[in-house]
Amino acid sequence: LHTLRLQSHELSQKAVEDLADALKSNSTLNEIDLKFNKISASGGKAIADALLINRTLTSLYLGYNCLSD
């Protein structure tokens, strides 16, 4: 699996945190589309923290979320 498209799924905060945790050990995903999910600022921070560790992801789409407080 190289691409994961989860746009418009209204992911819960827990789901976003779980995804962020999975990204820390990801070695195959290159692209994730998370547009239109109402991801909060804390969810965005969890993803950003995961990206400090992840070295395989090259594209991340976060448009149309609620990333600012």
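Contact here means heavy atoms within 4.5 Å. With that in hand, start at Lys24, which sits in helix H1. Skipping residues up to four places away in sequence, Lys24 touches Ala50 and Ile53. One thing to keep in mind throughout: this is a predicted model.

**Around Lys24 and helix H1**

At 35% relative accessibility, Lys24 counts as partly exposed. From Lys24 to Arg55 there are 31 residues along the sequence, and their C-alpha atoms are 8.8 Å apart in space. Ala50, one of the two residues Lys24 touches, belongs to the buried set of helix H2.

Which residues of H1 are buried? They are Val16, Leu19, Ala20 and Leu23. Looking down the axis of H1, these buried residues fall within an arc of 100°, so they line one face of the helix. What do the buried residues of H1 pack against? Their partners are E1, E2 and helix H2, the last of these spanning 41–51. Turn to the face of H1 that points away from the buried side and you'll find the exposed residues Lys14 and Ser25.

**Helix H2**

H2 has its own buried list: Gly43, Gly44, Ala46, Ile47 and Ala50. They cover an arc of only 155° around the axis, which puts them on the same side of H2. As for packing, the buried residues of H2 go against H1 and E3. The packing between the helices can thus be read from either end: the buried residues of H1 pack against H2 among other elements, and those of H2 pack against H1.

**The sheet**

Now for the strands. There are three of them in an open sheet, ordered E1-E2-E3, with parallel pairing. Why is one side of E1 and of E3 left without a neighbour in the sheet? Strand E1 (3–5) and strand E3 (59–61) stand at the edges and have a single partner strand each, so one side of each stays free of a sheet neighbour. From one strand to the next, the twist averages 5°.

Strand E2 covers residues 31–33, and three bridges join it to E3, the two running parallel. Within that pairing, Glu31 stands opposite Ser59 in E3.

Leu60 is also in strand E3. At 27% relative accessibility, Leu60 counts as partly exposed. Leaving out residues up to four places away in sequence, Leu60 touches Ile32, Leu34, Ile47 and Leu51. Ile47 is one of the buried residues of H2, and the buried residues of H2 pack against E3 as well as H1. For a longer reach, take Leu60 and Asp21: they're 39 residues apart along the chain, with their C-alpha atoms separated by 15 Å.

**Two loops worth a look**

The loop between helix H1 (13–25) and E2 holds Asn26. Is Asn26 buried or exposed? Its relative accessibility is 13%, so Asn26 counts as buried, the cut-off being under 20%. A polar atom of the Asn26 side chain lies 2.8 Å from the backbone nitrogen of Leu29. Beyond its neighbours within four places in sequence, Asn26 is in contact with Asn54 and Thr56.

The other loop runs between E2 and H2, and Phe36 is in it. Lys38 lies in that loop between E2 and H2 too. Phi of Phe36 is near 60°, a positive value in a residue other than glycine, and Lys38 likewise has a positive phi near 60° without being glycine.

Phe36 also takes part in an aromatic pair, and the count of such pairs comes to one. The ring centres of Phe36 and Tyr64 are 4.5 Å apart and the planes are at 0°, so the pair is stacked. This pair links distant parts of the chain, with Phe36 in the loop between E2 and H2, Tyr64 in the segment after E3, and the two positions 28 residues apart.

Here's how accessibility looks for several of the residues discussed:

| Residue | Relative accessibility | Class |
|---|---|---|
| Asn26 | 13% | buried |
| Leu60 | 27% | partly exposed |
| Lys24 | 35% | partly exposed |
| Phe36 | 41% | partly exposed |
| Lys38 | 57% | exposed |
| Tyr64 | 64% | exposed |

In the stacked pair, then, Phe36 counts as partly exposed at 41%, whereas Tyr64 counts as exposed at 64%.

Conventions
Residues numbered from 1 in each chain as written. Predicted model: local features only at pLDDT ≥ 70, side-chain atom pairs only at ≥ 80, totals over all residues. Heavy atoms only, no water. Pairing = 2+ DSSP bridges. Helix = DSSP H or I, 4+ residues; strand = E, 2+ residues; numbered from the N terminus. Axes fitted to C-alpha atoms, helices over the stretch in contact; angles between N-to-C directions. Buried < 20%, exposed > 50% of the residue type's maximum accessible area, 1.4 Å probe, protein only. Polar contact = N/O pair within 3.5 Å; in protein donor to acceptor, adjacent residues only side chain to side chain. Arc of directions from axis to C-beta. Phe/Tyr/Trp six-rings, centres within 6.5 Å; stacked < 30°, edge-to-face > 60°.
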